[in-house]
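The following account leads through a protein structure by way of selected residues, a metal site, aromatic pairs and enclosed spaces. Please keep the sequence and the coordinates in view while reading.

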Amino acid sequence: MQNFDFYNPTHIVFGQDRLAKLNTLIPEDAKVMVLYGGGSVKRNGALEKVIAGLGKRSVVEFQGMEPNPEFDTLMKAVDVIRAEGVTYLLAVGGGSVMDGTKFIALAAKHEGDAAELLKHSFAPPPVKEALPLGCVATLPATGSEMNMTSVVTYKNQKYPVMSPLTFPVFSFLDPDFTLTLPKEQIANGVADAFVHVIEQYLTYPVNAMVQDRFSEGVLKTLIDIGPVTYRNNDDIDARKNFMWAATSALNGVIGCGVPQDWSTHMIGHELTSMYGIAHGRTLAIVLPYLMRERKTQKHAKLLQFAERVWGITQGTDEEKIDQAINKTEAFFNELDIVTRLSHYDIDEAGIDTLIQNMKNMGLTALSETGDLNLDHVRSILCNAL
Ligand code: NZQ
Ligand code: ZN
């Protein structure tokens with residue numbers, strides 16, 4: 001296992017009907033901005049309960065953060081925060097709302113050009129202060145409710161921003177708020193959480209026994225409850241497990257002391273930027289073909305994945321690996337996610353443009369060792385056509 005630091009200060013309040021606790025988590029004299037998206041929080045009752053939970057505190061609402069939150073929209077919230085003297089942010093929604101709120105928390109305290117904050121990739125931007133923020137998560141998928149990452153769209157490109165200042169102070173995970181999710185969002189969330197685990201697990205062995213077994217547990221949970229949740233809206237036990245699995249997939253625990261490979265995400269982000277395909281779906285398209293491309297480099301972990309996650313015991317090592325990759329693709333297909341680019345009307349010319357965009361963004365040496373170049377990316381995407 002490699003050396004690591006682990007820091008995660010987010011207080012999780014898990015379970016049904018917990019929002020009364022808001023009153024104890026936000027200072028009484030706070031001026032709170034409640035931020036949300038296109039209105040789902042009005043339909044699932046989250047907004048009403050949040051406002052009630054805030055009691056007598058002064059509240060400003062900011063509505064309209066779009067999926068894949070846009071820099072310009074976020075800066076409008078910053079203007080309101082400055083004008084109104086807001087001191088606390090409360091995100092109510094999915095990953096986009098939580099991510100957008102994190103960026104707003106940084107930008108509101110940043111003196112210079114906020115677009116500068118986007119240019120630091122996986123390193124923290126050089127800022128000393130952010131507004132405190134809390135979350136009420138309504139879509140299990142990104143893990144944003146318990147990590148320091150936000151992903152912001154700026155001039156048609158997606159930029160990760162990672163700052164320890166943007167860990168939520170607290171996050172409410174109430175499965176009841178997810179019951180209004182359309183089926184395709186459940187599928188997207190299951191795929192996203194699954195791939196978050198894979199990006200931290202499917203590299204090369206470093207004998208990190210706890211992280212490996214924790215990762216395998218989250219993957220097996222998603223395999224068990226993903227299709228159940230997708231088909232049956234009333235299974236609240238499955239929904240609870242889905243929520244905690246998604247949070248556990250990207251709150252830092254399984255990534256401690258292990259190599260990581262965020263290639264599927266980097267390629268997927270380009271598919272979202274160029275074609276507007278939902279985040280989780282892009283990952284489900286890329287991952288099976290990336291696994292096939294990287295069978296040699298990832299051999300040992302792919303075999304472990306085949307045996308321990310999919311329970312495959314018959315055949316040669318090669319056959320077990322092939323079966324595991326096919327089962328992974330079939331798992332996404334079972335959630336009605338089509339894992340072919342042609343389904344989204346993407347052709348070789350589109351792949352050329354995508355490769356050029358990745359080059360422009362400096363994304364030319366991906367993978368756990370930096371040996372995945374743009375020729376490999378082209379091969380992965382051409383095989384996925
Ligand atoms: O805008 P509203 O009306 O709220 O509707 C949303 C949106 O249209 C809807 N929705 C959310 N909760 C709902 C609901 N509809 C009905 N009932 C509910 N309970 O779902 C739609 C999609 O929401 P969005 O927040 O965009 O989805 P998701 O949670 O998948 O977030 C995707 C964003 O997260 C980023 C992605 O790049 C993308 O921008 N990511 C963030 C990460 C992180 N912070 O660590 C990591 C991820 O890999 C990812 O990159
Ligand atoms: Zn993701």
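Is Asn-156 buried or exposed? The model is a predicted one, and in it Asn-156 has a relative accessibility of 59%. Because exposed means over 50%, Asn-156 counts as exposed. The residue is found in the loop between S6 and S7. Its backbone deserves attention as well: Asn-156 is not a glycine, yet its phi is positive, at about 65°.

A positive phi also occurs at Asp-336, again not a glycine, with a value of about 60°. Asp-336 belongs to the loop between helix H12 (317–334) and helix H13 (348–360). With a relative accessible area of 48%, Asp-336 is partly exposed, because that class lies between the limits of 20% and 50%.

Asn-147 offers another loop position, this one between strand S5 (133–137) and strand S6 (149–154). Here the relative accessibility is 7%, so Asn-147 counts as buried. What surrounds it can be listed: beyond residues up to four places away in sequence, Asn-147 touches Lys-102, Thr-142, Thr-166, Phe-167, Pro-168 and Leu-250.

From the loops the account turns to a helical position. Phe-242 is placed in helix H8 (residues 236–249). Its relative accessibility is 0%, and Phe-242 therefore counts as buried. Apart from neighbours within four places in sequence, the contacts of Phe-242 are Pro-140, Ile-186, Gly-189, Val-190, Leu-222, Ile-225 and Thr-229. One of these contacts is Leu-222; Leu-222 and Phe-242 are 20 residues apart along the chain, and 6.7 Å separates their C-alpha atoms.

The metal site comes next. Which residues are the protein donors of the zinc ion (ligand 2)? They are Asp-192 through OD, and His-196, His-265 and His-279, each through NE2, at 2.0 to 2.2 Å from the ion. Along the sequence, the spacing of these donor residues is D-x3-H-x68-H-x13-H. Two of the histidines can be followed into their helices: His-196 is in helix H6 (residues 183–201) and His-279 in helix H10 (residues 279–293), so this pair ties together parts of the chain that are 83 residues apart in sequence. His-196 has a relative accessible area of 3% and is buried. His-279, with 18%, is buried too, because the class takes in values under 20%.

Helices H6 and H10 appear again in the lining of an internal space, where each supplies at least two residues. The structure holds one cavity of 30 Å³ or more, and the volume of the largest cavity is about 30 Å³. The residues that line the largest cavity are Ile-198, Glu-199, Leu-202, Asp-261, Thr-264, Leu-287, Leu-290 and Lys-298. By class, this lining comprises four nonpolar residues, one polar residue and three charged residues.

Aromatic rings provide further links along the chain. A pair of aromatic rings is described by the distance of the centres and the angle of the planes. The count of aromatic pairs comes to 11. One of them joins Tyr-88 and Phe-170, with 6.4 Å from centre to centre and 20° between the planes. This pair is stacked, because planes under 30 degrees apart fall into that class. Why does the pair of Tyr-88 and Phe-170 tie together parts that are 82 residues apart in sequence? Tyr-88 lies in strand S4 (residues 88–93), whereas Phe-170 lies in strand S8 (residues 170–173), so the pair ties those parts together. Both Tyr-88 and Phe-170 are buried.

Phe-71, Phe-103, Tyr-154 and Tyr-159 form one aromatic cluster. Tyr-159 leads on to the second largest pocket, since Ser-121, Tyr-159, Pro-160, Met-361 and Leu-363 are the residues nearest the centre of that pocket. The lining of the second largest pocket has 15 residues, and strand S7 (157–162) and helix H9 (263–275) are the elements that give two or more residues to it. The volume of the second largest pocket is about 230 Å³. Seven nonpolar, five polar and three charged residues make up its lining.

How values were computed: Residues are numbered from 1 along each chain as its sequence is written. Chains are lettered from A and ligands numbered from 1 in the order in which they are written. This is a predicted model: local features need pLDDT of at least 70, side-chain atom pairs count only at pLDDT 80 or more; totals for chains, interfaces and linings use all residues. Side-chain values use heavy atoms; hydrogens and water are left out. On a 1 Å grid over the protein atoms alone, a cavity is a set of points where a 1.4 Å probe fits but cannot get out, and a pocket is an open set with protein on both sides within 12 Å along at least five of seven lines; lining residues have an atom within 4 Å of a point. Grid points are joined across faces, edges and corners, and a volume is the space filled by probe spheres set on the points. Helices (H or I, at least four residues) and strands (E, at least two) are DSSP runs, numbered from the N terminus. Ala, Val, Leu, Ile, Met, Phe, Trp, Tyr, Cys and Pro count as nonpolar, Asp, Glu, Lys and Arg as charged, and the others, Gly among them, as polar. Buried means under 20% relative accessible area, exposed over 50%, partly exposed in between (1.4 Å probe, protein chains only). Contact means heavy atoms within 4.5 Å. Donors are N, O and S atoms within 2.8 Å of the metal (3.2 Å for Na, K and Ca); water is not among the atoms, so sites may look incomplete. Rings of Phe, Tyr and Trp (its six-membered ring) pair if their centres lie within 6.5 Å; planes under 30 degrees apart count as stacked, over 60 as edge-to-face and the rest as tilted.
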